[in-house]
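Keep the sequence and the 3D view side by side. This report walks through selected residues, one group at a time.

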Amino acid sequence: MAAKKKVLAFRDITPQAPTHILIIPKVKDGLTGLSKAEERHFEILGRLLYTAKLIAKQEGLDDGFRIVINDGPKGCQSVYHIHVHLLGGRQMNWPPG
């Protein structure tokens with residue numbers, strides 16, 4: 001699994017798709033959820049999304065993938081450390097909720 005100096009990526013223990021990888025920053029700088037983002041978090045947020053793209057390619061998700069960021073109780077956030085879910089390996093449906 002690709003792990004960069006500033007992020008950590010690992011497979012979800014309760015996967016919602018054949019490929020379900022969590023990507024988290026090693027330093028969250030107070031960023032517990034996307035709604036708490038400030039301009040100073042620009043690099044962290046960009047790094048998370050770019051890393052998701054790299055991992056999707058590494059995982060062979062050439063036909064597409066989904067990125068999910070849950071935010072707050074009604075957004076189904078259960079871990080209050082900003083993280084990205086990378087989902088793929090099956091047809092995603094819409095609407096997702």
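**A buried arginine.** Arg66 sits in strand S3, which covers residues 65–68. The model is predicted. Arg66 is buried yet forms no salt bridge. Where is the nearest side chain of opposite charge? That side chain belongs to Asp12, and it is 14 Å away. A salt bridge needs a nitrogen and an oxygen within 4 Å, so Asp12 is out of reach. The side chain of Arg66 has another partner: it reaches the backbone oxygen of Asn93 at 3.1 Å. Arg66 also touches several residues beyond four places away in sequence. They are His85, Leu86, Leu87, Met92, Asn93, Trp94 and Pro96.

**A nonpolar patch.** Next comes the surface. Leu49, Phe65 and Ile67 form a nonpolar patch there. Together they have about 240 Å² of accessible area. Leu49 belongs to helix H1, residues 42–58. Its relative accessible area is 45%, so Leu49 counts as partly exposed.

**Salt bridges.** Side chains of opposite charge can pair when their charged atoms come close. How many salt bridges does the structure hold? There are five. Three of them are listed here.

| Pair | Closest N and O atoms |
|---|---|
| Glu59 and Arg11 | 2.9 Å |
| Asp29 and Arg40 | 2.9 Å |
| Arg40 and Glu38 | 2.4 Å |

Start with the salt bridge between Glu59 and Arg11. The pair links distant parts of the chain, 48 residues apart. Glu59 lies in the loop between H1 and S3, and Arg11 lies in strand S1, residues 7–11. Are these two partners buried or exposed? Glu59 has 23% relative accessibility, so it counts as partly exposed. Arg11 is partly exposed too, at 44%.

Now take Asp29 and Arg40, which also form a salt bridge. Both lie in the loop between strand S2 (19–25) and H1, so the pair ties together parts that are eleven residues apart in sequence. Asp29 is partly exposed, with a relative accessible area of 36%. Arg40 is partly exposed as well, at 46%. Arg40 also forms a salt bridge with Glu38. Glu38 is partly exposed, with a relative accessible area of 45%.

Salt bridges that share partners also join Lys6, Glu43 and Arg47 into one network. Glu43 is in helix H1. Its relative accessibility is 37%, so Glu43 counts as partly exposed. Glu43 and His83 are 40 residues apart in sequence. In space, their C-alpha atoms are 14 Å apart.

**Backbone exceptions.** Most residues other than glycine have a negative phi, and most peptide bonds are trans. Which peptide bond is cis here? The bond from Trp94 to Pro95 is cis, with omega near 0 degrees. Pro95 lies in the segment after strand S4 (84–88).

Two residues bring up phi. Asp29, already met as the salt-bridge partner of Arg40, has a phi near 50 degrees. That is a positive value in a residue other than glycine. Cys76 is not a glycine either, yet its phi is positive, at about 70 degrees. Where is Cys76? Cys76 is in the loop between S3 and S4. Its relative accessibility is 60%, so Cys76 counts as exposed.

Methods
Residues numbered from 1 in each chain as written. Predicted model: local features only at pLDDT ≥ 70, side-chain atom pairs only at ≥ 80, totals over all residues. Heavy atoms only, no water. Helix = DSSP H or I, 4+ residues; strand = E, 2+ residues; numbered from the N terminus. Buried < 20%, exposed > 50% of the residue type's maximum accessible area, 1.4 Å probe, protein only. Lys, Arg positive; Asp, Glu negative; His and termini not counted. Polar contact = N/O pair within 3.5 Å; in protein donor to acceptor, adjacent residues only side chain to side chain. Contact = heavy atoms within 4.5 Å. Patch = residues over 30% accessible without salt bridge, like charges linked within 9 Å, V, L, I, M, F, W, Y side chains within 5 Å. Areas by Shrake-Rupley, 256 points an atom, 1.4 Å probe, with all protein chains shown as cover.
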